[in-house]
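Thanks, everyone, for making the time this morning. I would like to walk you through one model, beginning with the ligand and its surroundings and then turning to a single glycine.

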Amino acid sequence: MIEAQAGRRYDAGMPTLTDVDIWPLLGVRISLSDLELAGIDDRTALDLGRLAARGIHGMTLPFATPWSRGSDLEVARNLYRYHSGLRTTVRPEEWSLDFAARLDHTLIGVQTLVAKDFPTTRTAESMSWLGRDWQGRGIGTLQRVAILTFAFEGLGAEVVTTSAWADNAASNAVTRKLGYRPNGEEVLEREGRAAVLKHYRLDRTGWDRRPEEFRQVVQIEGLEPIRAWLGLDQPRP
Ligand SMILES: CC(C)(COP(=O)(O)OP(=O)(O)OC[C@H]1O[C@@H](n2cnc3c(N)ncnc32)[C@H](O)[C@@H]1OP(=O)(O)O)[C@@H](O)C(=O)NCCC(=O)NCCS
């Protein structure tokens with residue numbers, strides 16, 4: 001007997017392996033008010049492609065690479081290809097944990113946490129985007145609080161960094177509100193022109209001292225399997 005539902009047993013003496021056993025990211029749910037961040041499966045990656053194709057930004061590129069440029073179809077494919085590719089690289093030494101953001105069950109964007117050698121460095125970087133219709137309503141700030149809670153309190157991060165082009169007012173504003181410290185800037189090429197990329201850093205002490213309004217209750221499900229998968233339950237080197 002094979003049940004179609006995710007996570008059910010196969011017959012003929014095969015071990016019972018759920019989707020979450022195989023890919024622990026799919027079991028993570030980070031909830032704050034009516035916002036939820038959850039691991040991205042194939043169906044969701046396609047839906048995110050459709051969301052991105054409806055538009056994320058105006059003329060100025062907010063990202064490091066121009067994946068959001070082009071026709072609707074190109075943008076949707078870029079997004080799907082990118083999220084498919086991430087699965088080939090997740091391991092304790094290097095990962096990108098990408099979460100679909102939903103508000104009241106409606107898909108609205110993506111929140112990402114990336115790291116190299118996290119079990120040793122305990123340092124990660126966050127990034128995010130929302131569909132244009134969802135921007136400017138405080139949701140990006142909630143998303144950031146959710147991923148910072150996951151990083152600091154769930155995974156045991158000591159530092160979380162973020163970066164934004166100097167002309168990305170919304171992203172820089174969210175970062176400043178949460179108490180990150182400026183961590184330098186650099187001039188980089190962006191679509192053929194020089195542009196300033198600002199870096200920020202928030203350590204655990206800064207996080208613990210964040211303003212009262214950002215101390216919402218955040219619920220995290222599925223933490224233990226992902227901690228084990230990312231090698232965070234071993235003694236630190
Ligand atoms: C960046 C992003 C995730 C922020 O999410 P958001 O929901 O729009 O942000 P919020 O509404 O929570 O907060 C935005 C803050 O920026 C401020 N802001 C927005 N535009 C601004 C402007 N032109 N000048 C000054 N402040 C501005 C808002 O006033 C708000 O601050 P406040 O709450 O103190 O008033 C979202 O705008 C987005 O997806 N943008 C396109 C993609 C992107 O830039 N991704 C980040 C790449 S680094």
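Before I place the ligand, let me say how the word is used here: a molecule sits in a pocket if more than half of its atoms lie within 2 Å of the pocket's grid points. With that in mind, and remembering that what you see is a predicted model, the ligand sits in the largest pocket. The elements that each contribute two or more residues to the shell around the ligand are strand S5 (123-130), helix H5 (139-154), strand S6 (159-165) and helix H6 (169-177), and of these H6 gives the most, with six residues.

Which residues, then, come nearest to the ligand? Of the 22 residues around the ligand, they are Gly 138, Gly 140, Thr 141, Asn 168 and Lys 177. Sorted by class, the shell consists of 11 nonpolar, nine polar and two charged residues.

Turning to individual contacts, a backbone N or O atom of Gly 140 lies 2.7 Å from an oxygen atom of the ligand, while a polar backbone atom of Leu 130 is 2.8 Å from a ligand oxygen, and for a polar backbone atom of Arg 137 the corresponding distance is 3.3 Å. As for coverage, the ligand on its own has 950 Å² of accessible area, of which the protein covers 66%.

Finally, the glycine I mentioned is Gly 206, found in helix H7, residues 204-208. Gly 206 counts as partly exposed because its relative accessibility is 22%, and buried would require a value under 20%. Gly 206 and Arg 181 are 25 residues apart in sequence, with their C-alpha atoms 8.6 Å apart in space.

Terms used. Residues numbered from 1 in each chain as written. Predicted model: local features only at pLDDT ≥ 70, side-chain atom pairs only at ≥ 80, totals over all residues. Heavy atoms only, no water. Near = heavy atom within 4 Å. Polar contact = N/O pair within 3.5 Å; in protein donor to acceptor, adjacent residues only side chain to side chain. Areas by Shrake-Rupley, 256 points an atom, 1.4 Å probe, with all protein chains shown as cover. 1 Å grid on protein atoms, 1.4 Å probe; cavity = no way out; pocket = protein on both sides within 12 Å on 5 of 7 lines; lining within 4 Å. Helix = DSSP H or I, 4+ residues; strand = E, 2+ residues; numbered from the N terminus. Nonpolar A, V, L, I, M, F, W, Y, C, P; charged D, E, K, R; others polar. Buried < 20%, exposed > 50% of the residue type's maximum accessible area, 1.4 Å probe, protein only.
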